[in-house]
Amino acid sequence: MNEHVNPRHAVFPTSRLEDAEGEGLNPTANRTMGEIIANRFSRRDFLRGSLAATAIAATVSPMALISAEHARAASPKRFDFREVEAGIDTHHHVAEGYDADVLLRWGDALFPDSPAFDPVNQTPEAQVRQFGYNNDYVGFVPLSGSSEHGLLVVNHEYTNEHLMFPGIVKVVEKADKKDPTKTVTELEIAPADRRRVDIEMAAHGGTVVEIRKEGGKWRVVREGALNRRITSSTEMQLTGPAAGHDRLRTKADATGTKVFGTINNCAGGVTPWGTYIMAEENIHGYFMGTLPEGHPEATNYKRLGLPEGTYAWGQFHERFDISKEPNEPNRFGWVVEVDVMDPNSVPKKRTALGRFKHEGAESIVAKDGRVVFYLGDDERFDYVYKFVTTGRYDADNRAANMDLLDEGTLHVARFAEDGTVEWLPLTHGQGQLTAENGFHSQADVLIETRRAADLLGATPMDRPEDIQPNETNGRVYVMLTNNTRRKDDQIDAANPRAANAFGHIIEIHEDEGDFAATKGRWEVLLKCGDPSVAEVGATFSTETTKNGWFGMPDNCAVDADGRLWVSTDGNSPKATGRTDGLWAVETEGEARGTSKLFFRVPVGAEMCGPLLLPDMQTAFVAVQHPGDGGEDWDGFGRLSYYEDLSTRWPDFRDDMPTRPSVVAITKQGGGRIG
Ligand code: FEO
Ligand code: CA
Ligand code: CA
Ligand code: CA
């Protein structure tokens, strides 16, 4: 999701959205290191415009340069495809020689008894049997050990009412708040009713669906016995150190362990033992109301921007109104684990991994068998985390791994000016995480993870999104999407640009390639944006074409060869003169910092997924909120909504709205992707 719930258009009460975003919600002074003693990357400014031979120096540290020298001969470019031209139109585009086939659209049937999608007669009952809205994370759990047959798991992050529902939008002219002599055009949405809210709740959550490749093409197996929809009403269990705590108890659940639903599942993961991870991100928008006077959760909720009241759910479901259920928000903001091999399993909210605006949870087995999860907290000036299990992964005994996520150590990252990173444990009783500071147990530390991390002196980052470990080289890629609120006196080596509109990517080298290490080194892999504009300070290699650069990295994937793929959220006609897409980024040797556009989305969409299957023959990508925008594109030039859409992708039928969809990309005639 781009900067919380759709702030780009006035379709929601955006003043409240912007208030919640504010300067970011981190109140600490952790944000600056004062003077920048040595900006490790300022050298690149001297190198601008120089030849490709020196371009590498612009993007890597001296440490990497040495290894790059050795690797130069042995490490040619690893991506070999003719890139797509960057631009904007109503369609998707994939590199020449590839097919991009829509596999699953919002409303598609997932079961033999699923009703056909009927956008003008939507019901919650139909939606819960159909593919949900705004697909984000895409994962794959192989069945029968194959890359051609498995379970596709997909998060449905949020809903866009103005694109989903007919007859609810009115285009209105209003006085401009900033300049009352001017008017602005806005979309006004009719007040919600119970039915609309229940459809939205059913359109959230996730999908588990069997898919099979036949004759080189993927198809959905509706009869799949493991097919499942998870929604904002599905029963879940809270587990781990915070489960059952007083702060998690409500009128409806005196045990503090039973919660209904998951919301705003952004990125996620598939664990080494084949469970599906759904990360709960922007939970604040779903709650409304006011806490009772003097309620002890006030500080906790403020740190998360709660409640924002974007959605009207609390009008019809008491638990989303904090004046009625003050503790309910403490039951969201977790990482959810789903056993996809049992369609009746109760998903578990694993409190040991902390509570914040979880972007995703990609994992890897460390050298000693412990499992490491990398976690971003997507807010301006918030933090990068990792969780290390106490127990070890047992490849031969799936059942033995099923509760690994209930015990372990959550760490938060401190990035130092000298290029080192330290992972600080968020452990009750250590440092300032004591009763004097309101932390009476590990449960308190986890419920208020952000405040605990503030006290440890973690480094406030430029909106941490997906974080991906790379098994082939022991490195970790951290997507930092943007932070236009960072001021000159708040820059540091790890967040080196003020008013960072285009984001950057950090590469972490864990000590001795051990993902469970508590120390490592880091460097900036890429500063994003248009490299032809000096003020932007982008560091793509000079080999990168005008199509190859991007802004706002968000999700990413590492393929079986250890190559990095980056998808974006926020490119637009106005911001970058291009839509979002999937870019292939070279990370090794001379080509390091070279990026190429592989796939681009239709106007108004954001690019989610991505996922490269182990056999490298398929890439899945998720096109999220197509048609959400277009007023800044000459081809449309006005606000987009159900009756007047900037694109009707993917069906292009007058009687069909635009539909978020998962796309399967394969090479024509077969073969490896990229
Ligand atoms: Fe849902 Fe951080 O994007
Ligand atoms: Ca985003
Ligand atoms: Ca995201
Ligand atoms: Ca990922």
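Strands here are DSSP runs of E at least two residues long, numbered from the N terminus. Keep in mind for every view below that this is a predicted model.

**Strand 3 gives the second largest pocket the largest share of its lining.** That share comes to six residues. Strand 3 (135-142) has company, though: strand 16, strand 23 (464-470), strand 27 and strand 31 (606-612) also put at least two residues each into the lining. The pocket has a volume of about 870 Å³, and 33 residues line it. Look for Val270, Glu362, Ser363, Gln468 and Val558 to find the ones that lie nearest the centre. By type, the lining splits into 19 nonpolar, ten polar and four charged residues.

**Four residues hold the calcium ion called ligand 4.** Glu362 and Asp466 bind through OE and OD, Gln468 uses OE1, and Cys556 offers its O atom. These donors lie 2.3 to 2.4 Å from the ion. Along the chain they follow the pattern E-x103-D-x1-Q-x87-C. The pair Glu362 and Cys556 links distant parts of the chain, with Glu362 in strand 16 (residues 362-365), Cys556 in strand 27 (residues 553-558), and the two positions 194 residues apart. Both Glu362 and Cys556 are buried. Glu362 also turns up in the pocket view, among the residues nearest the pocket centre, and so does Gln468.

**Glu465 is shared by two calcium ions, ligand 3 and ligand 2.** The two ions sit 3.7 Å apart. Around ligand 3, the donors are SG of Cys266, OE atoms of Glu359 (listed twice) and Glu465, and OD atoms of Asp554 (also listed twice), at 2.2 to 3.1 Å. The donor residues are spaced C-x92-E-x105-E-x88-D in sequence. Cys266 belongs to strand 12 (residues 265-270) and Glu465 to strand 23, so this pair ties together parts that are 199 residues apart in sequence. Cys266 and Glu465 are both buried.

**Strand 31 pairs with strand 32 in a hairpin.** The two run antiparallel and are joined by five bridges. Leu612 has Ala619 of strand 32 (residues 618-624) as its bridge partner. Five residues separate the strands, and Met616 in the turn takes a positive phi of about 65 degrees. Strand 31 is mostly covered, with seven of its seven residues buried. Remember that strand 31 also helps line the second largest pocket.

**Strand 19 pairs with strand 17 and with strand 20.** Six bridges join strand 19 (residues 384-392) to strand 17, running antiparallel; here Gly376 stands opposite Val384. Five bridges join strand 19 to strand 20 (residues 408-415), again antiparallel, and Phe387 faces Leu410 across that pairing. The loop between strand 17 (370-376) and strand 18 (380-382) carries Asp378. Buried means under 20% relative accessible area, so Asp378, at 2%, counts as buried. Its side chain makes a polar contact with the side chain of Arg463 at 2.8 Å. Phe381, in strand 18, has a positive phi of about 65 degrees although it isn't a glycine. Phe381 is buried too, at 0% relative accessibility.

**Helix 7 is largely enclosed by the rest of the structure.** Why does it count as enclosed? Because eight of the ten residues in helix 7 (residues 194-203) are buried. Among them are Arg196, Asp198 and Glu200, along with Val197 and Ile199. Just after the helix, Gly205 takes a positive phi of about 105 degrees.

**Some loop spots are worth a closer look.** Leu353 sits in the loop between strand 15 (348-350) and strand 16 and is buried at 0% relative accessibility. The C-alpha atoms of Leu353 and Leu405 are separated by 7.6 Å, with the two residues 52 apart along the chain. Ser144, in the loop between strand 3 and strand 4 (149-156), is exposed at 64% relative accessibility and has a positive phi near 50 degrees. Then come the cis peptide bonds: one joins Leu306 and Pro307, with omega about -10 degrees, and another joins Trp649 and Pro650, with omega about 0 degrees. Pro307 lies in the loop between helix 8 (298-303) and helix 9 (313-316), while Pro650 lies in the loop between strand 32 and strand 33 (661-667).

How values were computed: Residues numbered from 1 in each chain as written. Chains lettered and ligands numbered in written order. Predicted model: local features only at pLDDT ≥ 70, side-chain atom pairs only at ≥ 80, totals over all residues. Heavy atoms only, no water. Donors = N, O, S within 2.8 Å, 3.2 Å for Na, K, Ca; no water. Helix = DSSP H or I, 4+ residues; strand = E, 2+ residues; numbered from the N terminus. Buried < 20%, exposed > 50% of the residue type's maximum accessible area, 1.4 Å probe, protein only. 1 Å grid on protein atoms, 1.4 Å probe; cavity = no way out; pocket = protein on both sides within 12 Å on 5 of 7 lines; lining within 4 Å. Points joined across faces, edges and corners; volume = space filled by probe spheres on them. Nonpolar A, V, L, I, M, F, W, Y, C, P; charged D, E, K, R; others polar. Pairing = 2+ DSSP bridges. Polar contact = N/O pair within 3.5 Å; in protein donor to acceptor, adjacent residues only side chain to side chain.
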